[in-house]
Amino acid sequence: MRDTNRTPLQSELEEMQVYGETRVGWDENTPPNETVDADGNLLPENRGFGVSDPNSPKCRIYDDPEVEALRARLRQRNGIRGLEICEPTEVKKAARIFRRDGFVVVKDLLNAEQLARWREGCAEALREILSIPGQGNRKYVTETGRLPHRYSYGTSSASRQMLHHPAWASMIGLPTTTPIVTEIFGSSDYRVWGSGGDLCLPGAIEYQHLHPDGRDPQHLSEARIEQAKRVGVELHKDDSGNLSVPTQKLIMEMTPPTVTINFVMCDLTWENGPIRQIPGTHTMQQAPPSPADEPEWMRHSTLVGATAGSGVFRDNRAWHGATPNLSKEIRALPNVEYAAPWRTPQGFTKSMPHEIWETLTPYTQKLCKWIKADPGVWPTGAGIMHPLANKRAEAAKAQNS
Ligand SMILES: [Fe+2]
């Protein structure tokens, strides 16, 4: 029987899916570029990842004239022209494009059952995040240090990962993705680092700033040189007997520290916030342009045309960012992150419960060796979702005690 005492917001969330039309989002009471600190206070000095977009429309209203003007521009120009989309069987071609551009889109990675399972998981986790009442008359709590209507499954989870969730854990070693990840790394000795992903609600009118995910320290370790050889890098020495500078650069280029696959839950359109990727930036040492300096072509360099069930393999070093979602559809891109074979166990956290690890295939269990918790030890924070950093920390502490 339906509960007639539900508020409109509760019924919106109950019906919500991460594909197709939804009533979720478009909160006109959340001002553009507003973000919050770890406790939910508005106007923090440190905006964290919530870098302002100076070109954003001034109202978060679906048919506001500035939103309409942005929509008209996106309809006309959004999307990389001639974006190559590979079949899962085109393993070598996918790896070649990945190394050239720093990303590659591959279609049909998920079958219908896997797509349905992950969509359901994404909606379930998002319901938890959005069910916390917003400040004042706002519909939702913005995530600490992020722009409004944008959330990360990873950072909203008190364990920083989603590997406690069967939907996320079951996507780690798919028959469609494993050959491509193995080809990119040149061996099957890579590891799972984590699993999360990001999403934007309809009405996320601001551009997220361009950024790489993490820095490459560019240390030339023996293991990294070995991996470079496995993917075909020829080693040339200079007159002093050291690896030549072009060889050193090529080693760095061909051996990304981390490869992430973001999976597409709904077709990416010009209107629903397709991710933007700037080709060839995976080896750049300089910082990407700020939102004020970003040229128009970078704002439109998006993956329009990627269909539900496909995925984008990303070299985490490549410049990327989220774009405005002016549609009525949630755009979710859950992910799996893989660490290169040359990486050491340093920095890995044990965020996957033993019970979940036991359900995996032997191959996938091997990939998760460095993130698996011991039997009887629940990973700190696993299963707690909250948009505010301090609430997550408090809940994780209470869970431990
Ligand atoms: Fe990112």
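This short talk goes through the overall build of the chain, then helix 7, and then two loop residues.

Please keep in mind that what we are looking at is a predicted model. The protein chain holds 13 helices and ten strands, and its C-alpha trace spans about 75 × 50 × 45 Å along the principal axes. For 401 residues, a compact globule would be expected to have a radius of gyration near 21 Å, and the chain agrees with that, having 21 Å. Buried residues account for 48% of the 401 residues, and, if we take contacts between residues at least 6 apart in sequence, 81% of them join residues at least 24 apart.

Let me turn to helix 7, which runs over residues 178–185 and in which I180, V181, I184 and F185 are buried. Looking down the axis of helix 7, one finds its buried residues within an arc of 125 degrees, so they line one face of the helix. Among the elements that cover these buried residues are helix 3 (91–101), helix 8 (222–230), strand 2 (103–106) and strand 10 (331–339). Just after helix 7 comes G186, with a positive phi of about 75 degrees.

Finally, which residues other than glycine have a positive phi? W26, in the loop between helix 1 (8–15) and helix 2 (65–77), has a phi near 45 degrees, and L43, placed in the loop between helix 1 and helix 2, has one of about 55 degrees. As for their surroundings, W26 is buried, with 22 other C-beta atoms within 10 Å, whereas L43 is exposed, with 9 other C-beta atoms within 10 Å.

Terms used:
Residues are numbered from 1 along each chain as its sequence is written. This is a predicted model: local features need pLDDT of at least 70, side-chain atom pairs count only at pLDDT 80 or more; totals for chains, interfaces and linings use all residues. A residue is buried if 20 or more other C-beta atoms lie within 10 Å of its own, exposed if 12 or fewer, and partly exposed in between; C-beta atoms are placed from the backbone. Helices (H or I, at least four residues) and strands (E, at least two) are DSSP runs, numbered from the N terminus. The arc is that of the directions from the helix axis to the C-beta atoms. Two residues are in contact if their C-beta atoms, placed from the backbone, lie within 7 Å. The radius of gyration is taken over C-alpha atoms; the globule rule is 2.2 Å times the number of residues to the power 0.38.
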